[in-house]
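Got the viewer open? Let's walk through the model stop by stop, picking a selection each time and seeing what sits there.

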Amino acid sequence: MCSGNMAAGVLSGVRQVLRGPRLLSAVFSCHGQTFSSAAAAVKSAPDTAVTEKILNFPLTQPDYFHLSELFTMKDLFEARVHLGHKKGCRHRLMEPYLFGSRLDTDIIDLEQTAELLQQALNFTAHVAYRGGIILFVSRRRQFGHLIETTSRECGEYAHTRYWKGGLLTNAPIQYSPGVRLPDLIIFFSTLNNVFQQHVGIRDAAKMNIPTVGIVDSNCNPSLIAYPVPGNDDTPVAMEMYCRLFKMTINRAKDKRRQMELLKGISASV
Amino acid sequence: MAASGCRGVRSILWKYGSCAKNLYVSRSKMVPQLPLRQISVASSLWKKNLAAAGPQKFTQEFIDKQLEEFEVGKRHLANMMGEDPETFTQEDIDRSIAYLFPSGLFEKRARPVMKHPEEIFPKQTAIQWDAEGRPFHFLFYTGKQSYYSLLHDVYEKILAIERHQDKMRNKGLFASDTKQILLTGSRWLLKEEIEENLVENISDQDYLRLIQLMEKLLSMPYCSLEEEFILKFRKQLEVQSSKYQIPALQYDPQGVAFSVADGRRKTAKASITLRDSGSGNITINGRNYLHYFPVLQNREQLMFPLLFVGMMGRFDIEGSVEGSGHSAQAGALRLAISRALLSFVSEGEVEKMRQAGLLTADPRIRERKKPGQEGARKKFTWKKR
């Protein structure tokens, strides 16, 4: 019953967006409640209240997981995150995020980047805290192995290979009926190998899955929910992003485990 | 698609009124709340589209039940045959079934069989996620998790070897003539064999990519660190020449070595006795080969095996042959001579003979005549109208 509620409540607190499988699981959990005995129903009421508190309290704080201490603007500068592509490659919609250009190379505004990265990390942490599935996507062959290793270390999922057509939009056929889709997709590079936008961005938007994306100066940030302007070509920058996301997700999961333990202790007391 | 799914689910919610309290539903004013009742739908809607469903899937409980029944049945069978149930092997089972259920069917696979369920039911992938819906494997969302995980592991090993190389270079112990893995006598696993191992389908390009990665791993100087891993993907080729049964060398009362062998070609059957320390006489069916085979080509066929191994004047050949025509009889005798020669010749020579085609039985037989045609291939005169 708790798992049904959790699955139901992963994103409904964060966003008022409803999706099919969530509703079904909520319906079945309601069914369970109506058919169980009265005593069981009474005992589960304080349980639900505590779970609700665990889930809703972090949403009231602006930086519940203290993610601002994970990076500074100087770190971003040293990791060469501010370096964009040349003026000719610039995307029209990236102009608000650029600080300027020097010798034809676009420089990304690190103040905006820091703020947007903070928001993106915060969102990721909340999703991980509520037990959501996070999918790392990138089509850069240089960093595919790094991203897969990162995802394995934080217990989440990765897709750095050829993206088959209906992976998100035709999921029951591509996988099996009853599959659960990712709750958040993080793009470490929004372009594929022929410099077109990755199909996953459009598909995630179709399936109402929120996205976080590292957008370089030649990328289109429009369909991404939490764009983070930054360099996606340098190994130093990619390693930094991987490290940051891994730390946020691990922190959020540890915090959740802590809260569950506290709940267990307080319930037994 | 998601929107219509939502609408469908909302209509289900309507029927279970109170539970929908917590969820935001927008059409509350338009549709009045309906009481719980049976939905009657036409039976044609319940019929499953059997063609659209994939290959038959078996549940884990079904397979477990089959396994249980197999084990119990094995013990019953052992008792029936009067043997010890504890030491009843698969060969014993096959023998007993063939005895109890004799079948005259030509197709071996159509005969009654009792085998372990793992051999009968195809290997299937179990449910890939846990109770909360989180998949077990970190590459689940790629679609081909085993294959991509294999590529990931191979690349991991390449990186590990590169790091080892760098360490050795730093210490100054780098040597390019390190122990190499022996690859002769083995081949890469075929695409079908890899599919079987991974329990998922891969395309030809995927297979080529995997082989490319393995070759890259092999090209590095310190690849011997991962020898065990690489050999898992190599299959040993059987030595072809060891397949032949060499006829035993016998000795007659005078101490002369001789060997006996048979050969067949079309419907001709031949039997040859090859005697050592002879002078090159060839006797067939009691007559000299010059009389028996007037045609030069047939006599050449007889001489070819001896000419090939260079033992022309050494042997006395005594042969009997029956059936078919002169050419087929010559072919049958040649095969018999080659087989008899195997006991007088070394291992390397056996391989050479095999490659020359001396030891291969010619499988060609007369093709049957078909109805509606003049012969096997010849058709009746084609008339335009």
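Start by selecting helix 8 of chain A, residues 199-206. Its buried residues pack against strand 6 (184-187) and strand 7 (211-215) of chain A. Those buried residues are Gly200(A), Ile201(A), Asp203(A) and Ala204(A), where buried means under 20% relative accessible area, exposed over 50%, and partly exposed in between (1.4 Å probe, protein chains only). Helices (H or I, at least four residues) and strands (E, at least two) are DSSP runs, numbered from the N terminus. Step just past helix 8 of chain A and you land on Asn208(A), which takes a positive phi of about 60 degrees.

A quick word on ground rules: this is a predicted model, so local features need pLDDT of at least 70 and side-chain atom pairs count only at pLDDT 80 or more, while totals for chains, interfaces and linings use all residues. Residues are numbered from 1 along each chain as its sequence is written, chains are lettered from A and ligands numbered from 1 in the order in which they are written, and side-chain values use heavy atoms, with hydrogens and water left out.

Now zoom out to the whole of chain A. You should find nine helices and eight strands, and 51% of its 269 residues count as buried. Take the contacts (heavy atoms within 4.5 Å) in chain A between residues at least 6 apart in sequence: 69% of them join residues at least 24 apart.

For one example of distant partners, click Ala237(A) in helix 9 (residues 235-268) of chain A. Is Ala237(A) buried or exposed? Buried, with a relative accessible area of 0%. Leaving out residues up to four places away in sequence, Ala237(A) touches Ala79(A), Val81(A) and Asn231(A). Try a distance label too: the C-alpha atoms of Ala237(A) and Leu83(A) are separated by 9.9 Å, though their positions lie 154 residues apart along the chain.

Next, the cysteines. How many disulfides does the structure hold over all chains? Zero, counting a disulfide as a pair of cysteine sulfur atoms within 2.5 Å. Cys242(A), for one, has its nearest cysteine sulfur, that of Cys154(A), 9.1 Å away. Cys242(A) is buried at 3% relative accessibility, whereas Cys89(A) is partly exposed at 42%.

Hop over to chain B and select its six-stranded open sheet, which has the order 3-4-5-8-6-7 and mixed pairing. Two strands pair if DSSP finds at least two bridges between them. The edges are strand 3 (250-251) and strand 7 (287-288) of chain B, each pairing on one side only. Inside the sheet, strand 4 (residues 257-265) and strand 5 (residues 268-275) of chain B run antiparallel, joined by eight bridges. Look across from Gly263(B) and you'll see Ala270(B) in strand 5 of chain B.

Last pair: helix 5 (residues 145-171) and helix 7 (residues 204-219) of chain B. Their axes, lines fitted to C-alpha atoms over the stretch in contact, with angles running from 0 to 180 degrees between N-to-C directions, come within 10 Å and cross at roughly 15 degrees. The two helices of chain B are therefore roughly parallel, as angles under 35 degrees count as such, over 145 as roughly antiparallel, 65 to 115 as roughly perpendicular and the rest as oblique. Among the residues that meet here are Leu150(B) and Val154(B) from helix 5 of chain B, and Leu210(B) and Leu213(B) from helix 7 of chain B.
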